[in-house]
Amino acid sequence: MTAQTDTQGSITAVYQVSGMSCGHCEGSVSGEISGIPGVSSVQAMAATGEVTVVSVAPLDEAAVRAAVDEAGFELVTKA
């Protein structure tokens with residue numbers, strides 16, 4: 001995961017997810033991660049497997065892993 005604090009006090013983290021191959025996959029992963037409290041935006045890219053998450057505080061990796069699992073994919077590593 002790459003994390004940085006944005007000027008507005010938000011945190012940006014990038015995760016690597018395996019198995020995404022299309023826009024529907026991106027939507028499934030984004031939708032599940034968006035349900036984690038504190039998440040303000042999610043951008044999933046099937047082509048690279050990267051999921052960029054902006055939140056108000058650092059996220060618990062277990063919560064992100066559970067959300068990705070619920071969407072039917074695997075959190076491989078923190079990018």
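A disulfide is taken here as a pair of cysteine sulfur atoms within 2.5 Å. With that cut-off, a search of the whole structure, which is a predicted model, returns zero disulfides. The pair to look at is Cys-22 and Cys-25: the sulfur of Cys-22 has its closest cysteine sulfur in Cys-25, at 3.5 Å, and this is too far for a bond. Seen from the other side, the cysteine sulfur closest to that of Cys-25 belongs to Cys-22, again at 3.5 Å. The two residues can also be described by their accessibility. Cys-22 is partly exposed, with 33% relative accessibility, whereas Cys-25 is buried, at 9% relative accessible area.

The overall layout gives these residues their setting. The protein contains two helices and five strands, and their order along the sequence is β-β-α-β-β-α-β. Of its 79 residues, 38% are buried. Contacts that are distant in sequence are well represented: among those between residues at least 6 apart, 57% join residues at least 24 apart.

Strand pairing is a good place to continue. Strand E3 (residues 39-45) and strand E4 (residues 50-55) pair in the antiparallel sense, with six bridges between them. Along this pairing, Gln-43 stands opposite Thr-52, and Ala-44 stands opposite Val-51. The hairpin formed by E3 and E4 has four residues between the strands, and in this hairpin Gly-49 takes a positive phi near 80°. E4 also runs antiparallel to E2, to which it is joined by six bridges. Here Ile-11 has Ser-55 in E4 as its bridge partner.

Thr-52 offers a residue-level view of this arrangement. Thr-52 lies in E4 and is partly exposed, with a relative accessible area of 25%. Leaving out residues up to four places away in sequence, Thr-52 touches Thr-12, Ala-13 and Val-14, and also Ser-41, Val-42 and Gln-43. Its C-alpha atom is separated by 6.5 Å from that of Tyr-15, although the two residues are 37 apart along the chain.

Turning to the helices, H1 covers residues 23-34, and its length can be checked with simple arithmetic. At 1.5 Å a residue, its twelve residues should span 16 Å, and the end C-alpha atoms are indeed 16 Å apart, so the two values agree. The buried residues of H1 are Cys-25, Val-29, Ser-30 and Ile-33. These residues cover an arc of only 125° around the axis, and therefore sit on the same side of H1. The helical repeat helps to explain such a pattern: an α-helix has 3.6 residues a turn, so residues three or four places apart point the same way. The buried residues of H1 pack against E3, E4 and helix H2 (61-70).

Helix H2 can be read in a similar way. Its buried residues include Val-64, Ala-67 and Val-68. Because they cover an arc of only 95° around the axis, these residues lie on the same side of H2. After H2 comes Gly-72, which has a positive phi near 95°.

What do these elements contribute to the interior? The largest nonpolar core has 21 residues, and Met-20, Ile-33 and Val-51 touch the most other members. Strand E2 (11-18), H1, E3, E4 and H2 each supply at least two residues of this core. The contacts of Ile-33 give a closer look. Leaving aside neighbours within four places in sequence, Ile-33 is in contact with Val-39, Val-42, Val-51 and Val-53, as well as Val-64, Ala-67 and Val-68. The last three named are the buried residues listed for H2, in keeping with the packing of the buried residues of H1 against H2.

Finally, back to Cys-25, which has its place in helix H1. Not counting residues up to four places away in sequence, Cys-25 touches Gly-19, Met-20 and Phe-73; of these, Met-20 is one of the core residues that touch the most other members. The C-alpha atoms of Cys-25 and Ala-44 are separated by 8.5 Å, with their positions 19 residues apart along the chain counted as the separation. Cys-25 is thus a buried residue of H1 without a disulfide, because its closest cysteine sulfur is too far for a bond.

How values were computed:
Residues are numbered from 1 along each chain as its sequence is written. This is a predicted model: local features need pLDDT of at least 70, side-chain atom pairs count only at pLDDT 80 or more; totals for chains, interfaces and linings use all residues. Side-chain values use heavy atoms; hydrogens and water are left out. Two strands pair if DSSP finds at least two bridges between them. Buried means under 20% relative accessible area, exposed over 50%, partly exposed in between (1.4 Å probe, protein chains only). Contact means heavy atoms within 4.5 Å. The expected span of a helix is 1.5 Å times one less than its number of residues. The arc is that of the directions from the helix axis to the C-beta atoms. A nonpolar core is a set of buried Ala, Val, Leu, Ile, Met, Phe, Trp, Tyr and Cys residues joined through side-chain atoms within 4.5 Å.
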